[in-house]
Amino acid sequence: MPSPAVKPAERKRASRIADDKRFKIFCGSANKPLCEEVCKFLGVAMGETRLQRFSDGEIHFQLLENVRGADVFLVQPTSFPVDQHLVELLIMIDALKRASAGRITVVIPYYGYARQDRKDRPRVAISSKLVADLLQTAGANRALLVDLHAAQIQGFFNIPVDHLFASPVLVSHFREMNLPNLTVVSPDAGGVERARFFAQKINAPLAIVDKRRTDINVTEVMNVIGDVKGRTCLVLDDIIDTAGTLVKTAEALLEQGAAEVYACASHAVLSGPASERIAASRLKQVVVTNTIPLNEDAQKLGDKIKVLSIAGLLGRAIESIHMETSVSSLFS
């Protein structure tokens, strides 16, 4: 079954950026379709590279065009396989640095290791800080990130960071759907601020599901805070990983009398049994963005999952950074 349709980028950009020879976009192997959409939006050609692997999996990367003094944007989410794509990104940054690129901006639609942002138990690593250090050591001069799991990760960088939110794309979609008696639901206390912002944008009430995490990727939903009886509920999160929390949240809402349950998230990690759980659940539909390409199992979900494109959002941010204009207008 073909993957769900992705909305095309909204429009091509003015020739002022397309004709700028000092502006270049390169792409890793993690999400080439998204990078192609961004390039189409901006009206520029993707930079030419050669990415190969030795028989043992070692990465060999080569730039096939001159980047001396150029303002370079490197698009690469660190999604599955996370370590492989992260090392690939570091090697590409190093190649750009050694080729005398003027400025290197890493565009990371999905920032892997973002969930390990603090010492929440003894003797664990703060991996998201380590990744930030690695990116800077490799030679990144700036970072453009989308919907970090924790906003304070920006403080792990000693270079400028632009933190975009996919909410404008998601809000626009659900406004068009015009779901009746809509209530926005945060699946945990940590996501309340995100859900409240979303609820305000679509003029809907807010509910919260109280949960207790018993282990990594294992949660137990406790109770629903707020009135959801007879309501259409929209569960909002930043990441859907194994979908355990999402499915349990949907069940808790339906047990409390919710009429229907939709879900949306920025990052469709969908690892392990996630697709199987979503397929077997009573969720009406799951809406995600294309920060991460859907895996094969998720593509088989058909109409139960819908993908929205953030290429226009990324394209406008990249243009603003290159033209040195404000990016803050894209945050709303």
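Here a biologist and a modeller talk through a predicted model, from its sheet to a few unusual backbone spots.

Biologist: Glad to have you here! What is the order of the strands in the open sheet?

Modeller: Happy to help! The open sheet has five strands, and their pairing is parallel. The twist from one strand to the next averages 15°. Reading across the sheet, the strand order is 1-4-5-6-7.

Biologist: Which strands stand at the edges?

Modeller: An edge strand has a single partner strand, so one side of it is left without a neighbour in the sheet. That applies to residues 23-27 and to residues 161-164. The edges are therefore strand 1 and strand 7.

Biologist: Which residue in strand 6 does Ile108 stand opposite?

Modeller: Strand 5 covers residues 103-108 and strand 6 covers residues 142-146. These two run parallel and are joined by four bridges. Opposite Ile108 in strand 6 stands Leu145.

Biologist: Is Thr105 buried or exposed?

Modeller: Thr105 is found in strand 5. Leaving aside residues up to four places away in sequence, Thr105 touches several others, among them Val72, Phe73, Leu144 and Ile321. Buried means under 20% relative accessible area. Thr105 has 0%, so Thr105 is buried.

Biologist: Which strands does helix 3 touch as it packs on the sheet?

Modeller: The direction of helix 3 makes about 165° with that of strand 5. Helix 10 (residues 311-323) also lies across strands of the sheet, running at about 160° to strand 6. For helix 3, the strands touched are strand 1, strand 4 and strand 5.

Biologist: How are helix 3 and helix 4 placed relative to each other?

Modeller: Their axes come within 8 Å and cross at roughly 25°. Residues meeting across this contact include Leu86 and Ile93 in helix 3, and Val131 and Leu134 in helix 4. By class, the contact has eight nonpolar, one polar and two charged residues. Angles under 35 degrees count as roughly parallel, and helix 3 and helix 4 are therefore roughly parallel.

Biologist: Which peptide bond is cis?

Modeller: Look at the loop between strand 4 and helix 3, where Pro81 is found. The omega in question is near -10°. The cis bond runs from Phe80 to Pro81.

Biologist: Is Arg123 buried or exposed?

Modeller: Arg123 lies in the loop between strand 5 and helix 4, and its phi is near 60°, a positive value in a residue other than glycine. Exposed means over 50% relative accessible area. At 76% relative accessibility, Arg123 therefore counts as exposed.

Terms used:
Residues are numbered from 1 along each chain as its sequence is written. This is a predicted model: local features need pLDDT of at least 70, side-chain atom pairs count only at pLDDT 80 or more; totals for chains, interfaces and linings use all residues. Side-chain values use heavy atoms; hydrogens and water are left out. Axes are lines fitted to C-alpha atoms, for helices over the stretch in contact, and angles run from 0 to 180 degrees between N-to-C directions. Angles under 35 degrees count as roughly parallel, over 145 as roughly antiparallel, 65 to 115 as roughly perpendicular and the rest as oblique. Contact means heavy atoms within 4.5 Å. Ala, Val, Leu, Ile, Met, Phe, Trp, Tyr, Cys and Pro count as nonpolar, Asp, Glu, Lys and Arg as charged, and the others, Gly among them, as polar. Two strands pair if DSSP finds at least two bridges between them. Buried means under 20% relative accessible area, exposed over 50%, partly exposed in between (1.4 Å probe, protein chains only).
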